Amino acid sequence: MISKAIEQAFNKQLNAETYSAYLYWSMSAALEEMNLPGFANWMRIQAQEEMTHANKFYNQIIERGGKVTLTAIDGPPTEWDSVKAVFEAGLAHEQLVTGLINDMMDLAIQEKDHAANMFLQWFVTEQVEEEATAMEILGKLEIVGETTGGLYMLDKEMGQRVFTPPVEE
Ligand code: FEO
């Protein structure tokens, strides 16, 4: 059985992961407007991935005998000045999510909830990857600058990302 504190934290994170999907979907639309379909594709897949994260919390709450409580999702920003600004905002968002995961891990340790601890370990690893990926893309953007040719090449590369559904536990 899940404690009320963990149940509440997991429901809050279910909302946060869904907001992440919403944010990246909005970023994808902004990138489409910038005529960067490859970057837009990358971001749309990122949004799909976030929904798989939300789904993991959904499943976990139910598996532990808790109650899923869905709450309103905030509207994300809709305008960014450049592709670089989009990815800077993406990195800042992932850093925020890392903080949320760490806070939940602290709570799991405090509550001596080993199952929650095990479950959250996947997210701790995932956040390292999420931040590293955002930094890597920002690094590439730094190299090509705002040159049309460089952005065109990078856009092609970003267009190759495909969605791989995670293995369900
Ligand atoms: Fe659900 Fe981007 O972390």
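Is Lys-112 buried or exposed? This is a predicted model, and in it Lys-112 comes out as exposed, with a relative accessible area of 67%. The cut-off for calling a residue exposed is over 50%, so Lys-112 qualifies at 67%. Look for Lys-112 in the loop between H3 and H4. Its backbone deserves a glance too: phi of Lys-112 is near 55°, a positive value in a residue other than glycine.

Asn-35 tells a similar sort of story. Asn-35 sits in the loop between H1 and H2, and here again phi is positive, about 60°, although Asn-35 is not a glycine. How accessible is Asn-35? Its relative accessibility is 64%, so Asn-35 counts as exposed.

One more loop is worth a stop. Between H2 and H3 you'll find Asp-81, which is exposed with a relative accessible area of 82%. Now look from Asp-81 across to Ala-30: 51 residues separate the two in sequence, while their C-alpha atoms are 9.4 Å apart in space.

With those loops in mind, let's turn to the helices they join. Start with H1, residues 4-33, and H2. The axes of H1 and H2 come within 8 Å and cross at roughly 170°. Angles over 145 degrees count as roughly antiparallel, and that is why H1 is described as roughly antiparallel to H2. What kinds of residues make up the contact of H1 with H2? There are 17 nonpolar residues in it, along with 8 polar and 4 charged ones.

H1 also packs against H3. Here the angle is about 170° and the axes lie 11 Å apart, which makes H1 roughly antiparallel to H3. In the contact of H1 with H3, the residues divide into 19 nonpolar, 4 polar and 2 charged.

A few individual positions help to pin down how the chain is laid out. Tyr-58, in helix H2, is partly exposed, with a relative accessible area of 34%. The C-alpha atom of Tyr-58 is separated by 6.6 Å from that of Leu-14, with the two positions 44 residues apart along the chain. Gly-38 is also part of helix H2, and Gly-38 is buried, with a relative accessible area of 6%. How far apart in space are the C-alpha atoms of Gly-38 and Glu-94? They are separated by 21 Å, and the two residues are 56 apart along the chain.

Next, move over to helix H4, where Glu-126 lies. Is Glu-126 buried or exposed? Glu-126 is buried, with a relative accessible area of 9%; the cut-off for buried is under 20%. Its C-alpha atom is 9.8 Å from that of His-53, although the two residues are 73 apart along the chain.

H4 comes up again when we look for open space in the model. The largest pocket holds about 180 Å³. Of the 15 residues that line this pocket, the closest to its centre are Trp-42, Gln-46, Glu-130, Thr-133 and Ala-134. Which elements give two or more residues to the lining? They are helix H2 (37-63), helix H3 (83-110) and helix H4 (114-144). The largest share, 5 residues, comes from H4. As for chemical class, the lining of the largest pocket has 6 nonpolar, 3 polar and 6 charged residues.

That leaves helix H5, which runs over residues 148-158. Which residues of H5 are buried? They are Gly-150, Leu-151, Leu-154, Asp-155 and Met-158. These residues cover an arc of only 135° around the axis, which puts them on the same side of H5. The spacing fits a familiar rule: an α-helix has 3.6 residues a turn, so residues three or four places apart point the same way. On the other side of H5, Thr-148, Tyr-152 and Met-153 are exposed. If you turn the model to look along the axis of H5, this is the split to look for: Leu-151 and Leu-154 are among the buried residues, whereas Tyr-152 and Met-153 are among the exposed ones on the other side.

Conventions: Residues numbered from 1 in each chain as written. Predicted model: local features only at pLDDT ≥ 70, side-chain atom pairs only at ≥ 80, totals over all residues. Heavy atoms only, no water. 1 Å grid on protein atoms, 1.4 Å probe; cavity = no way out; pocket = protein on both sides within 12 Å on 5 of 7 lines; lining within 4 Å. Points joined across faces, edges and corners; volume = space filled by probe spheres on them. Helix = DSSP H or I, 4+ residues; strand = E, 2+ residues; numbered from the N terminus. Nonpolar A, V, L, I, M, F, W, Y, C, P; charged D, E, K, R; others polar. Axes fitted to C-alpha atoms, helices over the stretch in contact; angles between N-to-C directions. Parallel < 35°, antiparallel > 145°, perpendicular 65-115°, else oblique. Buried < 20%, exposed > 50% of the residue type's maximum accessible area, 1.4 Å probe, protein only. Arc of directions from axis to C-beta.
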